[in-house]
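Dear colleague,

I am handing over the structure we spoke about, and below it you will find my notes on what turned up in it. Please read them with the sequence and the structure open beside you.

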Amino acid sequence: MKWSEQAWQAALPAYNKILELDFIRELMDGTLPQEKFRFYIQQDALYLNGFGKALAGIAARLEKTEHTEAFATFAVDTMAVERDMHKSFFSILGKLEDLEPSPTCLLYTSYMLKQLSDAPVETAMASVLPCFWVYKEVGDYILANQTKGNNQYQEWIDTYGGDEYGSAVEKAIAICDELAAACTDKQREAMTKSYVICTRMEWMFWDSAYNLEQWPV
């Protein structure tokens with residue numbers, strides 16, 4: 001069994017909980033309050049700063065030229081696509097001004113960057129993979145199960161459920177599997193642990209947006 005298949009199974013309980021979130025259910029039928037979606041988009045914009053740094057840092061640490069080029073492209077393309085999406089939504093929902101990361105956003109980005117600085121590169125790769133893979137799977141799930149009609153969030157849904165995004169996800173998974181195949185059992189276990197933790201943080205991120213999470217003091 002490939003490492004990615006083992007990692008997906010290990011994180012499956014967390015992924016299934018994501019599909020049960022009120023945020024996802026209401027996003028799917030278009031009833032999610034704009035206030036909650038706006039909070040999510042704002043925090044996602046802050047998250048992208050850390051995510052982009054992690055992708056670029058991984059690219060710099062990879063040995064194979066094609067792997068370096070792939071992760072460098074991920075960093076550039078992912079940021080460009082999502083920035084365009086944010087601009088589109090903020091033309092309706094407002095502008096980014098003086099934003100502070102929520103506790104969950106800060107935790108997630110800090111964990112990824114810590115993995116980048118402290119862990120082997122394959123473990124750092126495993127920590128960024130849920131943002132690729134989970135988003136793709138959730139996007140596909142929504143496309144397959146949503147009630148057809150005018151959904152105010154259809155642009156977001158189409159971004160993560162599209163074929164172009166899917167090809168990038170497949171490439172990221174393949175690179176992780178290639179590096180994992182050369183690792184020891186202990187190293188693969190570390191990769192899986194990091195992948196599971198970040199899948200749980202994906203749940204936390206959407207849940208925190210639905211609850212408009214604030215710092216306690």
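One aromatic cluster is formed by F23, F37, Y40, Y47, F51, F71, F74, Y108, F132, Y153 and F205. Please keep in mind, here and in everything that follows, that this is a predicted model. The structure holds 15 aromatic pairs, and one of them is made by W3 and Y195, whose ring centres are 6.1 Å apart and whose planes stand at 85°, so that the pair is edge-to-face. This pair links distant parts of the chain, since W3 belongs to helix α1 (residues 3–19) and Y195 to helix α9 (residues 185–210), with the two positions 192 residues apart. Both W3 and Y195 are buried. Aromatic rings also come up in another kind of arrangement, in which K36 lies over the face of Y210, at 4.3 Å from the ring centre.

Y195 deserves a second look, for its surroundings reach well past W3. When its neighbours within four places in sequence are left aside, Y195 is in contact with W3, A7, W8, A11, A126, L129, P130, W133 and V134. Y195 also returns in the largest nonpolar core, which has 69 residues, and in which F23, Y40, F71, W156, Y195 and W206 touch the most other members. The helix that gives the most to this core is α6 (residues 121–145), with 13 residues. As a general background, nonpolar side chains in soluble globular proteins tend to be buried together.

Turning to the fold as a whole, the secondary structure comes to nine helices and zero strands, and the pattern read along the sequence is accordingly α-α-α-α-α-α-α-α-α. A compact globule of 217 residues would have a radius of gyration near 17 Å, and the value of 17 Å found for the protein agrees with this. Along the principal axes, the C-alpha atoms fill a box of roughly 45 × 35 × 30 Å. Of the 217 residues, 52% are buried, and among the contacts with a separation of 6 or more, 84% are accounted for by residues 24 or more positions apart.

You may wonder how many disulfides the structure holds. The count is zero, and two of the cysteines help to show the reason. The sulfur of C183 is 10 Å from the closest cysteine sulfur, which is that of C176, and this is too far for a bond. C198 is likewise in no disulfide, its nearest cysteine sulfur being that of C131, 9.4 Å away. As for their surroundings, C183 is buried, with a relative accessible area of 11%, and C198 is buried too, with a relative accessible area of 0%.

A few single residues are worth finding in the viewer. A54 lies in helix α3 (residues 34–61) and is buried, with a relative accessible area of 1%; leaving aside its neighbours within four places in sequence, it is in contact with L113, L116 and V128. The C-alpha atoms of A54 and L12, which are 42 residues apart along the chain, are separated by 24 Å.

A119 sits in the loop between α5 (103–118) and α6, and A119 is nevertheless buried, with a relative accessible area of 13%. Not counting residues up to four places away in sequence, A119 touches R61 and K114. Between the C-alpha atoms of A119 and M191, which are 72 residues apart along the chain, the separation is 9.6 Å.

Towards the end of the chain, S208 is found in helix α9 and is buried, with a relative accessible area of 6%. Apart from its neighbours within four places in sequence, S208 is in contact with F39, T104 and E213. In the segment after α9 comes L212, a residue other than glycine whose phi nonetheless has a positive value, near 50°. Is L212 buried or partly exposed? At 23% relative accessibility, L212 counts as partly exposed.

With best regards

Key. Residues are numbered from 1 along each chain as its sequence is written. This is a predicted model: local features need pLDDT of at least 70, side-chain atom pairs count only at pLDDT 80 or more; totals for chains, interfaces and linings use all residues. Side-chain values use heavy atoms; hydrogens and water are left out. A disulfide is a pair of cysteine sulfur atoms within 2.5 Å. Buried means under 20% relative accessible area, exposed over 50%, partly exposed in between (1.4 Å probe, protein chains only). Rings of Phe, Tyr and Trp (its six-membered ring) pair if their centres lie within 6.5 Å; planes under 30 degrees apart count as stacked, over 60 as edge-to-face and the rest as tilted. Helices (H or I, at least four residues) and strands (E, at least two) are DSSP runs, numbered from the N terminus. A charge sits over a ring if NZ of Lys or CZ of Arg is within 6 Å of the ring centre and within 35 degrees of the ring normal. A nonpolar core is a set of buried Ala, Val, Leu, Ile, Met, Phe, Trp, Tyr and Cys residues joined through side-chain atoms within 4.5 Å. Contact means heavy atoms within 4.5 Å. The radius of gyration is taken over C-alpha atoms; the globule rule is 2.2 Å times the number of residues to the power 0.38.
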